[in-house]
Amino acid sequence: MFHLQFHKPHSMSFRVSILTILAAALVVGLACGGDSDDGGSGNPTPDPEPTANQEPEATAEVGGKLVVYSGREEELLGPLIGRFEDETGIDVSVRYGSNSGLVATIFEEGGNSPADIFFGSDPGALGAIGERLLVLPDSILDQVDAPFRSGVGRWVGVSGRARVVVYNTDVLTEADLPDSIYDFTDPAWNGRIGWAPTNGSFQAMVTAMRLIDSEDAARGWLEGIRANGATEYPKNTPIVQAVADGEIDVGFVNHYYLFRFLAEEGESFSARNYNLAGGDSGAVILVAGAGILDGADHVPAAELFLSFLLTPQSQQYFTDETFEYPLVDGIETNPLLVPLENIEVPELDLSGLSDLEGTVDLLRETGVIP
Amino acid sequence: MSDAAVQCNGLTKRYGDTAAVDAFDLDLKQGLLLALLGPSGCGKTTALRVIAGFERPDAGSVEIGGRLVAGPGKNVPPEKRRVGMVFQDYALFPHLTVGKNVAFGIPRGPDRKTSAATVLAMVGLAGLETRMPHELSGGQQQRVALARALAPNPDVILLDEPFSNLDAALRAQVRAEVKEILRAAGTTAIFVTHDQEEALFMGDLVAVMNAGRVEQVDEPQVLFHTPRSRFAAEFLGQADFLPATISDAGLTTEIGTVPSTNGHAVGQRGDVMMRPDDVTLARAETGPGRIAQVFFRGIHTMYQVALPSGQMVHALQHHHAVVLEPGEAVEVRLEPGHPLVFFPQDVSSSHGGGDPRDSA
Amino acid sequence: MDAVGTPVAAGGWRRPTLPPLSLVAPSTLICAALLLPIAYVLLRTLGAGTDAWDLIYRRSVLDTLLRTVYLTAAVTVATVSLAVPIAWLTVRTDLPLRRVWAVLTVLPLVIPSYVGGLVVIAALGPKGLLQQMLEGPFGIDRMPDIYGLPGAVLVLGLLSYPYVLLSVRAALWTLDPALEEASRGLGHGVWTTFRRVTLPHLRPAIAAGGLLVALYTLSDFGAVSLLRFNSFTRVIYIQYDTAFDRTLAASSSLVLVLVALTLLVIEARARGRSQYHRTSAGAARRTRVVRLGRWRWPALAFIAGVVTLALALPVAVLTYWLVRGVQAGESLGFVWDAAASSLYVSALAAIVTLLAAMPVAILTVRHRGFASAGLERITYIGFALPGIVVALSFVYFGARYVTPLYQTLALLVLAYVVLFLPVAVGTLRASLLQINPHIEEAARSLGRSPAHVFITVVVPMLRAGLLASAAGVFLVTMKELPATLILSPLEFRTLATVTWSASSAAFFARAAAPALLLVLLSSIPVAFLTFREQR
């Protein structure tokens with residue numbers, strides 16, 4: 001009932017400063033929270049109070065805003081996004097994350113997803129989100145050969161990656177390596193193999209084996225590699241590292257990781273890629289691709305973005321900077337890569353690779369994944 | 001009743017099925033010091049906490065300074081009761097200086113610091129304002145706690161076992177000091193203790209509590225000599241209960257007759273309560289008593305004497321000229337010099353066994 | 001004397017009176033937020049078909065669960081045995097440079113577990129940097145395999161012991177030195193005193209920290225996946241990653257919730273029922289510093305060893321990557337915006353979490369009862385769930401019911417609160433337990449309202465606990481990844497997301513720069529808080 005005042009400041013300087021910070025940070029924090037919502041989320045609900053600085057800018061340009069959910073890393077996609085923004089004036093916001101995290105996010109967002117585009121780095125992820133993607137116009141689809149796009153036109157491949165065998169150059173030469181991925185079930189390879197069974201690209205390869213060869217062949221191979229005591233890695237990168245370190249002699253990976261290591265560690269890095277021969281299903285070409293989400297608010301901008309990814313300049317970027325294969329004609333493949341025409345690629349419609357279920361069941365049955 | 005500082009009516013506080021405080025009544029006048037005396041677990045601390053506002057009563061009411069602070073539908077929070085509390089463990093604020101501890105409850109204003117200094121001087125700690133609590137001795141901390149409680153000039157000061165953490169030598173001294181301080185401040189105070197000596201020394205009034213109830217409130221001498229219950233009798237100090245019968249001459253026991261009847265009818269049987277100082281001993285070959293045990297206590301000696309009936313009585317001897325040995329036969333006389341309390345048989349049929357005794 | 005610890009204290013402690021609305025209302029709100037992930041998991045589980053259950057209750061999954069429990073126990077024991085001596089050495093002894101050690105030993109908390117995993121493999125793997133160093137002089141061509149349980153325990157132990165360290169340090173600061181002095185006075189030596197007096201009093205703090213470690217271990221994905229330990233959370237992630245099956249993943253998370261509940265019961269037992277505040281009279285004195293004498297060198301070696309493994313090694317490997325990349329002509333990205341975002345959002349999370357933790361801690365300490373105990377237990381659930389599950393629950397409810405807040409800082413910070421509340425509650429609770437409630441009552445009867453008493457008396461006395469809680473939440477937010485990736489505003493980058501993005505694309509040099517910055521920037525506030533915790 002009396003004296004609710006504070007003590008003299010110096011006696012409680014700690015308390016006062018803490019309280020001040022608390023209050024200030026809360027105010028600022030909440031203000032910023034609202035701010036960033038206005039600024040970039042591209043939320044389907046209309047902004048209650050459009051701010052002066054964004055409206056005119058947005059309407060002056062082609063399509064205003066675009067929201068991309070990307071399973072490809074910022075390191076790889078970021079420069080292209082910047083280029084697209086410069087060329088079109090479209091303000092692109094990207095959420096980078098894992099393929100699976102983004103797919104789950106889009107499903108949990110339901111109809112309220114702010115995403116316009118999903119950019120996935122393997123056919124499995126694209127297949128998983130397929131039901132939420134719009135059918136793309138032929139003008140986009142037709143730029144890419146049929147095997148590298150969705151059979152029902154919901155996504156288009158943007159860049160290609162080859163499945164390869166990475167091997168340690170200190171203990172092996174290309175001559176020591178077999179033609180077929182099935183040959184690695186030979187006991188001679190016992191304890192020398194690394195793989196990443198939880199990786200999307202690996203699973204796409206197993207799907208390819210099921211489709212090209214047979215269910216039993218794929219099962220037999222999985223069991224054989226397991227029996228050979230293959231070392232399990234969480235993803236491709238540590239396999240390449242482990243091969244170079246000599247922890248293992250060979251690994252089943254996508255081709256481009258090696259070039260990242262070579263860029264940072266130089267030519268002395270003791271690992272190289274090997275392309276399996278004779279149209280082996282272990283040499284399948286996979287794609288990273290993108291599609292437009294059914295709840296997209298900025299469809300024209302999204303279509304513009306997909307077209308942009310397929311322009312010669314962008315395709316050149318992918319092969320030059322991320323060591324991938326271009327998917328449109330007339331692009332010069334990075335000289336570091338084995339040209340696609342020199343790889344004996346198996347005949348396969350990639351859209352079939354988006355069917356993951358059978359592969360996941362097989363992986364579980366064989367105990368390759370828990 | 002305008003001079004009542006604290007008034008409790010039918011105060012009850014239950015924890016589950018047990019009533020820690022059970023229909024507790026108290027009426028304390030302005031300026032008095034009341035000792036709330038009882039064994040551990042009798043509910044005295046809970047009663048204090050209900051008065052202070054830390055516990056909400058289940059029934060009954062509390063008035064402080066004529067203001068209803070707790071009752072049906074009303075429970076004034078502790079900070080608005082004008083009550084000063086001194087805890088057994090002092091509960092000084094370890095992060096504040098002595099001066100700031102004392103000033104904590106004083107309304108902010110120009111003379112806040114001076115009033116704190118005045119109160120601190122009153123408890124004899126002038127000049128220690130800038131010390132931290134941990135730099136003081138136990139006795140000094142206890143006085144800081146008292147000064148802190150006194151500083152806002154509360155209507156009543158509540159002290160919970162305030163001396164139990166002090167060593168014996170210091171305790172006697174601090175008791176006297178605290179009594180003096182409280183008297184000088186003219187403050188009404190209630191303090192809780194389980195030590196009857198402390199209660200009798202400190203209290204203007206002593207309330208004996210048993211099993212959640214107040215058994216008796218009286219001045220110390222009255223309470224000591226004329227307890228209204230066996231429990232009160234025993235709790236206040238050594239008491240012997242000797243079978244007695246009311247006769248024309250008064251109360252007749254096996255060691256003599258005293259001329260008091262307490263208004264009981266002739267022929268009524270019962271027990272008479274006697275204190276060790278009511279009994280005198282003399283060496284006598286014929287007895288009838290026999291020394292059972294001797295407790296030498298420095299300035300006096302306590303003897304336990306077996307009577308022919310097998311009954312034991314205690315006797316206090318102040319003179320050291322006669323030293324009796326265990327086994328010696330003695331003459332036992334009842335010489336109280338004041339009326340003795342008689343408990344008729346039908347009122348208290350049990351013989352002491354059921355009553356809780358305090359070990360202290 | 002004879003009346004020490006009378007029922008006065010006990011009565012005051014366990015009074016069943018109803019807590020005030022000012023505590024109940026915020027706690028109820030917090031509780032509602034905490035229940036969101038559980039509601040989400042239940043929702044998804046109910047939507048799951050029977051095949052999902054068949055997939056979850058397979059022999060191999062149960063084996064995984066058992067293995068995970070084993071890992072959890074091992075990591076918890078390891079962290080307690082590291083953290084308690086470190087806490088004691090840095091708070092109570094004359095260890096040379098003890099404040100510096102105090103800062104350095106807390107910092108491993110900020111290293112993301114996948115970075116820790118990468119670094120340990122790079123350094124101590126069969127063909128790691130250590131092997132390369134030893135190959136020349138000693139001809140060792142392969143180090144013993146660190147994969148599996150030993151590696152997982154090593155990495156998780158080194159990264160998570162600061163949880164225990166923070167709460168034990170806070171408790172040591174608050175602990176009444178008279179207890180130790182009493183023991184010394186009774187003729188016990190330093191060691192016996194520590195074991196018989198100090199350690200039992202640290203029990204709630206150890207239990208609280210150990211619980212965090214256990215739950216962190218349960219929910220970790222980064223380290224276990226790199227070190228190839230098949231833990232239960234890894235199984236959950238695999239369900240997202242390979243089958244894109246969020247239903248199955250959520251149902252499996254329910255199993256994790258059950259394991260967490262079991263751990264909570266164990267912790268409640270370990271916590272004990274004693275009171276830990278001072279019941280004797282008089283104010284607490286400051287403690288005297290224990291002189292280590294000839295023990296200072298082994299002590300120094302121990303603490304330096306821990307710092308070397310847990311902090312210097314990661315920093316060295318990251319620096320090596322950075323230098324190697326720069327020499328190879330690697331261009332480094334500009335990460336100052338990410339650094340600023342990290343600092344800002346972590347500070348915000350620390351403050352908001354602290355504010356949320358306060359009513360919960362007070363309620364559970366000062367108003368013990370079934371409901372408050374339940375509330376306190378619930379705070380831990382978010383921490384036990386894989387980050388992605390908590391994040392998706394916020395996506396689900398956020399995008400549907402609070403659309404304007406979705407993908408804003410406000411919702412992200414709320415998710416951090418749900419994830420990290422136990423980091424603050426545990427430490428605060430342990431500190432609050434050591435404050436004698438009579439002190440608050442004394443302040444009340446001196447005319448101060450409960451809120452005023454809280455600010456002028458409780459907060460200053462809780463100082464060490466508050467600072468430790470803030471430091472803990474700050475650090476774990478700095479490195480948080482799954483929720484940040486999914487819930488942050490668009491275009492919002494933190495050092496953790498930049499590091500993750502670069503390292504998963506095998507840009508090690510570009511990953512090293514933000515990771516080093518993460519450690520460096522974290523050390524500033526930790527140093528500040530550590531230096532202020534001493535009065």
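**Exercise 1. The contact between chains A and C**

Task: In this predicted model, work out how many residues chain A and chain C each bring to their contact, and which elements of chain A take part.

Solution:
- Step 1. Start with the totals: chain A gives 65 residues to the contact and chain C gives 64 residues.
- Step 2. Now look at the chain A side. At least two residues each come from helix 1 (13–40), helix 3 (74–88), strand 2 (91–96), helix 4 (99–109), helix 9 (236–245) and helix 10 (257–265).
- Step 3. Rank the contributors: helix 1 of chain A has the largest share of this side, with 13 residues.
- Step 4. Sort the side of chain A that touches chain C by class, and you should get 27 nonpolar, 24 polar and 14 charged residues.

**Exercise 2. Chain A and its two domains**

Task: Describe the make-up of chain A, then find what domain 1 brings to its contact with domain 2.

Solution:
- Step 1. Count the elements: chain A holds 13 helices and ten strands.
- Step 2. Check burial. A residue is buried if 20 or more other C-beta atoms lie within 10 Å of its own, and 52% of the 370 residues of chain A are buried.
- Step 3. Take the contacts in chain A between residues at least 6 apart in sequence; 76% of them join residues at least 24 apart.
- Step 4. Split the chain by its domain assignment: domain 1 covers 62–160 + 286–338, and domain 2 covers 161–285 + 355–365. Over C-alpha atoms, the centres of these two domains of chain A are 26 Å apart.
- Step 5. Turn to the contact, where 16 residues of domain 1 of chain A meet 14 residues of domain 2 of chain A. On the domain 1 side, helix 5 (123–129) and strand 4 (156–168) each supply at least two residues, and helix 5 gives the most, with five residues.
- Step 6. Classify that side of domain 1 of chain A: eight nonpolar, six polar and two charged residues.

**Exercise 3. A sheet and its helix in chain B**

Task: Trace the strand order of the five-stranded open sheet in chain B and place helix 1 of chain B against the strands.

Solution:
- Step 1. Read off the order, 2-1-4-5-6, with antiparallel pairing.
- Step 2. Find the edges: strand 2 (18–29) and strand 6 (74–75) of chain B each pair on one side only.
- Step 3. Zoom in on one pair. Strand 1 (residues 4–15) and strand 4 (residues 59–64) of chain B are joined by five bridges, and B:Val6 faces B:Ile64 in strand 4 from the opposite position.
- Step 4. Add helix 1 (residues 44–52) of chain B, which lies across strand 1, strand 2, strand 4 and strand 5 (67–71). The helix runs at about 115 degrees to strand 1 of chain B.

**Exercise 4. The domains of chain B**

Task: How many residues does each domain of chain B bring to the contact between them?

Solution:
- Step 1. Take the bounds from the domain assignment: domain 1 is 4–231 and domain 2 is 239–344 of chain B.
- Step 2. Note the spacing, with the C-alpha centres of the two domains of chain B 38 Å apart.
- Step 3. Count the contact: four residues come from domain 1 of chain B and four residues from domain 2 of chain B.
- Step 4. Sort the domain 1 side of chain B into one nonpolar, two polar and one charged residue.

**Exercise 5. The largest nonpolar core**

Task: Which residues have the most contacts inside the largest nonpolar core, and which helix gives the largest share of this core?

Solution:
- Step 1. The core has 399 residues, and those with the most contacts inside it are A:Ile117, A:Val166, B:Leu36, B:Ala207, C:Val168, C:Leu215 and C:Ala415.
- Step 2. Helix 20 (residues 409–433) of chain C provides the largest share, 20 residues.
- Step 3. Follow C:Val168 outward, leaving aside its neighbours within four places in sequence: its contacts are C:Ala83, C:Val84, C:Ala87, C:Leu202, C:Ala205, C:Ile206 and C:Gly209.

Technical notes. Residues numbered from 1 in each chain as written. Chains lettered and ligands numbered in written order. Predicted model: local features only at pLDDT ≥ 70, side-chain atom pairs only at ≥ 80, totals over all residues. Core = buried A, V, L, I, M, F, W, Y, C linked by C-beta atoms within 7 Å. Buried ≥ 20, exposed ≤ 12 C-beta atoms within 10 Å, placed from the backbone. Helix = DSSP H or I, 4+ residues; strand = E, 2+ residues; numbered from the N terminus. Contact = placed C-beta atoms within 7 Å. Nonpolar A, V, L, I, M, F, W, Y, C, P; charged D, E, K, R; others polar. Pairing = 2+ DSSP bridges. Axes fitted to C-alpha atoms, helices over the stretch in contact; angles between N-to-C directions. Domains from an automatic or database assignment.
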